Structure formats: structure tokens, C-alpha cells
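Below is a short note on the model you sent, set out as numbered points. Please read it with the structure open.

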Amino acid sequence: MRHAAALFFTVILLSPLAASAGSEAECRHLSQQITFFEARSQRAADLDNEIWQERFGSHLDQLSDRRSQVCPGFGADEQAQQAFMDLVKLGAQVALSYFTMGAM
């Protein structure tokens, strides 16, 4: 009986942690929604419709915030780290080209 009660409380305590982790499908869905609404926002900008631009902008902000909270790799830290790694790769390519006199 004690083991069942301990298991029950463990499941109850750990269930919010499992629910807070975003699934791959949710991350993909959020990314698709962001792409869709970015296109709509661009269309509103082309039509010079300020009301729709505001609405799409606020909705995009909410979707982006949700994706950065739920999905790994979309937070500000991860994006800054990826930008830095891209810069390091570019620097390495330039250095390789420079030191091999363009042979590579």
C-alpha cells in the first residue's frame, strides 16, 4: 500500500514537468503558425493596413514567446549561441582560405 501511495504521489508531482516540455509536434506547429502569420503580416504591410499589422504583430509576439518557452533551440540564449557559432565557422573558413593562399 505504501508503494502504491508513493508511486501515486510521484506521478502527480512529475506530471507538470512532463506537460511543460514541448513535444516535437507542438514545436513544428508553432513554427508553421509563425511562418503563416509572418506572411500575413507582410501582406498587411504591402496593403498599408496598420490595424492588421498591429494584430498580426502582437499575435506573432505571443507565438514567438510561447515557442521560446516550450521548444529547445528557440530561446534567446540558444539563438545567440548559434549566431556565435556561425560567426566562428565563417572566421575559420576565411582563415583557412587566407593561410592556404586560396587553395582551399
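Which hand does the link of cysteine 27 and cysteine 71 have, judged by the angle about its S-S bond? The link is left-handed, at -115 degrees. The coordinates come from a predicted model, and the points below should be read with that in mind.

1. Overall make-up. The protein contains four helices and zero strands. Read from the N terminus, the order of elements is α-α-α-α. Of the 104 residues, 12% are buried. The exposed surface comes to about 8,600 Å², and carbon and sulfur atoms account for 61% of that area. Taking contacts between residues at least 6 apart in sequence, 49% connect residues at least 24 apart.

2. The disulfide. The count of disulfides is one. The sulfur atoms of cysteine 27 and cysteine 71 lie 2.1 Å apart. Cysteine 27 belongs to helix 2, while cysteine 71 sits in the loop between helix 3 and helix 4 (76–99), so the bond ties together parts 44 residues apart in sequence. Both partners are covered: cysteine 27 is buried at a relative accessible area of 11%, and cysteine 71 is buried at 3%.

3. The nonpolar core. The largest nonpolar core has ten residues: Cys27, Leu30, Ile34, Phe37, Ala44, Phe56, Leu60, Leu63, Val70 and Cys71. Helix 2 (24–46) and helix 3 (50–70) are the elements that contribute two or more residues to this core. Helix 2 provides the largest share, five residues. The two cysteines of the disulfide are both members of this core. As a general point, nonpolar side chains tend to be buried together in soluble globular proteins.

4. Leucine 63. Which residues does leucine 63 contact, once neighbours within four places in sequence are left aside? They are Leu30, Gln33, Ile34 and Phe37. Of these, Leu30, Ile34 and Phe37 are listed in the core, as is Leu63.

5. Arginine 67. This residue of helix 3 deserves a look in the viewer. Arginine 67 is buried but has no salt bridge. The nearest side chain of opposite charge is that of glutamate 38, 6.3 Å away; a salt bridge is counted only within 4 Å, so this pair does not qualify. Leaving out residues up to four places away in sequence, arginine 67 touches Leu30, Ser31, Ile34 and Phe74. Leu30 and Ile34 also appear among the contacts of leucine 63.

6. Salt bridge between helices. The count of salt bridges is two. One of them joins arginine 66 and glutamate 26, with the closest N and O atoms 2.8 Å apart. Arginine 66 is in helix 3 and glutamate 26 in helix 2, so the pair ties together parts 40 residues apart in sequence. Arginine 66 is partly exposed at 37% relative accessibility, and glutamate 26 is partly exposed at 27%.

7. Salt bridge within helix 2. Glutamate 24 and arginine 28 form a salt bridge, with an N to O distance of 3.7 Å. The two residues are four apart in helix 2, which means about one helical turn separates them. Is glutamate 24 buried or exposed? Glutamate 24 is exposed, at 65% relative accessibility, whereas arginine 28 is partly exposed, at 46%. In general, side chains of opposite charge can pair when their charged atoms come close.

8. Proline 72. Proline 72 lies in the loop between helix 3 and helix 4. Proline 72 is exposed, with a relative accessible area of 67%, whereas cysteine 71 is buried. The C-alpha atoms of proline 72 and serine 23 are 9.9 Å apart, although 49 residues separate the two along the chain.

9. Serine 68. Serine 68 is in helix 3 and is partly exposed, with a relative accessible area of 30%. From C-alpha to C-alpha, serine 68 is 9.4 Å from cysteine 27, and the two are 41 residues apart in sequence. Cysteine 27 is also the helix 2 partner in the disulfide.

Note on methods
Residues are numbered from 1 along each chain as its sequence is written. This is a predicted model: local features need pLDDT of at least 70, side-chain atom pairs count only at pLDDT 80 or more; totals for chains, interfaces and linings use all residues. Side-chain values use heavy atoms; hydrogens and water are left out. A nonpolar core is a set of buried Ala, Val, Leu, Ile, Met, Phe, Trp, Tyr and Cys residues joined through side-chain atoms within 4.5 Å. Buried means under 20% relative accessible area, exposed over 50%, partly exposed in between (1.4 Å probe, protein chains only). Contact means heavy atoms within 4.5 Å. Accessible areas come from the Shrake-Rupley method with a 1.4 Å probe; for residues, only the protein chains shown count as cover. Lys and Arg count as positive and Asp and Glu as negative; His and the chain ends are not counted. A disulfide is a pair of cysteine sulfur atoms within 2.5 Å.
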